[in-house]
Amino acid sequence: MTGPQSNIVHVIGAGLAGSEAAWQVAKAGVPVVLHEMRPDRMTEAHRTDGLAELVCSNSFRSDDAANNAVGLLHAEMRRLDSLIMRAADANQVPAGGALAVDRDGFSAAVTKTLNEHPLIEIARGEVSGLPPADWSNVIVATGPLTSAALADAIRELTDENALAFFDAIAPIVHRESIDMSVAWFQSRYDKVGPGGTGADYINCPMTKEQYDGFVAALIAGEKTEFKEWETNTPYFDGCLPIEVMAERGPETLRHGPMKPVGLTNPHDPTTKAYAIVQLRQDNKLGTLYNIVGFQTKLKYGEQQRIFRTIPGLEKAEFARLGGLHRNTFLNSPKLLDSQLRLRAQPRLRFAGQMTGCEGYVESASVGLIAGLYAVADARGETLASPPGTTALGSLLGHITGGHIETIEPGTRSFQPMNINFGLFPPLATAPTKKPDGTRLRGNEKTVAKKQAMSALALADLDRWIADHLRIAAAA
């Protein structure tokens with residue numbers, strides 16, 4: 001490909017995010033070089049040289065755009081002519097309400113489309129270190145298995161302590177699913193933290209019998225195993241899984257994250273709890289709360305079963321479950337601007353899982369918007385961000401500043417997240433009645449709220465497309 005580098009967008013990494021970004025750039029009429037180090041240099045997880053190879057599950061999760069946030073993100077991406085969604089739809093396999101794909105057919109379709117596009121050059125070989133200085137418009141989409149040389153260069157440029165580590169993540173719960181007739185708001189000793197009120201935590205009390213049963217369940221619960229290539233990666237900030245703490249002695253958790261001191265249960269003020277589980281606000285909207293100190297290697301089903309034995313969390317709905325795995329991601333709210341550009345070097349834009357999203361669809365969607373931003377830069381224009389009411393906009397909001405700043409010194413509060421309705425701004429007016437005029441009751445309210453949020457998202461996205469993009473919204 002010839003022409004001045006200033007007119008070319010370089011995309012590093014041809015996973016889902018990088019492939020989607022390259023597609024969005026090229027179909028807008030801007031030349032792109034898509035760099036992929038495979039097969040010259042393979043990773044521990046990949047097995048082919050195909051673009052957009054699915055290394056784990058073959059599922060894109062729910063395709064229900066009316067009731068599920070990831071299904072809504074599917075619909076938004078289809079409206080934006082996503083290559084990833086086009087290839088997924090063309091290679092779908094039966095999976096009930098989920099969108100699952102033939103992984104080989106999916107990768108082959110993406111590879112063929114990008115190979116055949118006249119404005120895309122696929123360059124095989126590793127980009128080691130920072131890209132050359134004359135690459136003025138770069139999208140880095142190298143994912144959780146970023147090569148060591150590039151990760152080291154990014155680390156040096158951003159002055160971050162680490163990019164690859166065992167990422168200990170505590171479960172995150174939807175605030176509205178917590179039973180506040182059992183739980184209550186209070187900080188230990190009513191202490192007011194930064195930006196707090198002295199009632200910043202949700203507290204769930206346990207009796208001795210409940211605590212003993214909980215500890216036993218943690219120890220007996222089925223855990224995930226580390227992959228061989230993860231075993232030498234250090235824990236981040238020395239975080240230990242809660243079940244490891246439990247194994248150190250039956251009273252360990254009572255003297256750690258579940259200590260019952262400095263708190264009084266207003267529902268039963270004369271009874272002192274034997275142990276207390278605390279949840280802390282996780283996003284600025286106040287719709288999500290994380291369970292403090294509950295990073296875990298328990299399998300997902302075990303987490304839901306065991307954590308729902310905590311008083312007040314019997315009907316907890318999880319925005320994400322806990323985990324402990326090797327990860328590579330930026331502290332994006334600190335390091336990236338609203339257009340996903342690195343503040344320290346704005347010619348570099350990041351996309352995909354490195355930015356702090358999780359999941360195939362989420363990674364591809366961030367690649368999509370990064371591609372659109374890069375096109376605007378190439379044209380000397382500025383693209384307005386998608387509305388925060390949309391799935392794409394809410395995910396970007398999380399990445400670029402939707403988290404809560406850390407309360408305890410030295411901890412990192414920003415964590416990768418799947419798309420979920422807890423990232424969306426609350427509706428100005430929640431629905432209260434059915435179409436026939438009768439009142440919504442129980443779970444009907446939750447269903448109606450999700451459907452209203454989804455309808456608003458698609459309407460707002462269509463308006464944004466019409467106002468800001470040179471494409472027609474697809475049906």
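**Figure 1. Packing of helix 1 against helix 4.** A crossing is termed left-handed if the near helix is turned anticlockwise from the far one by less than a right angle, and right-handed if clockwise. By this convention, helix 1 and helix 4 (residues 103-116) form a left-handed crossing. The structure is a predicted model, in which local features need pLDDT of at least 70 and side-chain atom pairs count only at pLDDT 80 or more, whereas totals for chains, interfaces and linings use all residues. Residues are numbered from 1 along each chain as its sequence is written, and side-chain values use heavy atoms, with hydrogens and water left out. Helices (H or I, at least four residues) and strands (E, at least two) are DSSP runs numbered from the N terminus. The angle between helix 1 and helix 4 is about 35°, and their axes are 11 Å apart; axes are lines fitted to C-alpha atoms, for helices over the stretch in contact, and angles run from 0 to 180 degrees between N-to-C directions. On the side of helix 1, L16, S19 and W23 are in contact (heavy atoms within 4.5 Å) with F106, V110, T113 and L114 of helix 4. Sorted by class, this contact has five nonpolar, two polar and no charged residues. Here Ala, Val, Leu, Ile, Met, Phe, Trp, Tyr, Cys and Pro count as nonpolar, Asp, Glu, Lys and Arg as charged, and the others, Gly among them, as polar.

**Figure 2. Packing of helix 1 against helix 10.** Helix 1 (residues 16-27) and helix 10 (residues 360-378) pack with an angle of about 35° and an axis separation of 7 Å. The crossing of this pair is right-handed. From helix 1, the residues L16, A17, E20, A21, Q24 and V25 meet a set in helix 10 formed by Y360, S363, A364, G367, L368, G371, L372, A374 and V375. The contact of helix 1 with helix 10 has ten nonpolar, four polar and one charged residues.

**Figure 3. The loop between strand 1 and helix 1, with annotated positions.** An unreviewed UniProt entry lists G13, A14, G15, L16, A17 and G18 under "binding site"; such annotations may be inferred rather than shown by experiment, feature names are shortened, and the positions are given in the numbering used here. G13 is placed in the loop that joins strand 1 (9-12) to helix 1, and A14 lies in that loop between strand 1 and helix 1. G13 has a relative accessible area of 9% and is therefore buried, a term that means under 20% relative accessible area, with exposed meaning over 50% and partly exposed in between (1.4 Å probe, protein chains only). A14, at 0%, is also buried. Beyond residues up to four places away in sequence, G13 contacts G18, S19, L34, H35, E36 and A141. With the corresponding neighbours left out, A14 touches S19, L34, H35, E36, R38, L51 and A52.

**Figure 4. I122 in strand 6.** I122 belongs to strand 6 (residues 120-124). Its C-alpha atom is separated by 9.0 Å from that of A14, and the two residues are 108 residues apart along the chain. Not counting residues up to four places away in sequence, I122 touches L34, L51, L114 and N115.

**Figure 5. The buried side of helix 8.** In helix 8 (residues 300-307), E302, Q303, I306 and F307 are buried. These residues lie on the same side of helix 8 because they cover an arc of only 110° around the axis, the arc being that of the directions from the helix axis to the C-beta atoms. An α-helix has 3.6 residues a turn, so residues three or four places apart point the same way. The cover over the buried residues of helix 8 includes helix 6 (208-220) and strand 14 (318-320).

**Figure 6. D337 and L340 in the loop between helix 9 and strand 16.** D337 is found between helix 9 (332-335) and strand 16 (341-342), and L340 lies in the loop between these elements. D337 is buried, with a relative accessible area of 15%, and L340 counts as buried at 0%. Outside the residues up to four places away in sequence, D337 touches R343 and T400. The C-alpha atoms of D337 and G401 are separated by 9.3 Å, with these positions 64 residues apart along the chain. The phi of L340 is near 70°, a positive value in a residue other than glycine.

**Figure 7. Y189 in the loop between strand 10 and strand 11.** Y189 is found in the loop between strand 10 (184-185) and strand 11 (201-206). Although Y189 is not a glycine, it has a positive phi of about 60°. Y189 is exposed, with a relative accessible area of 61%.
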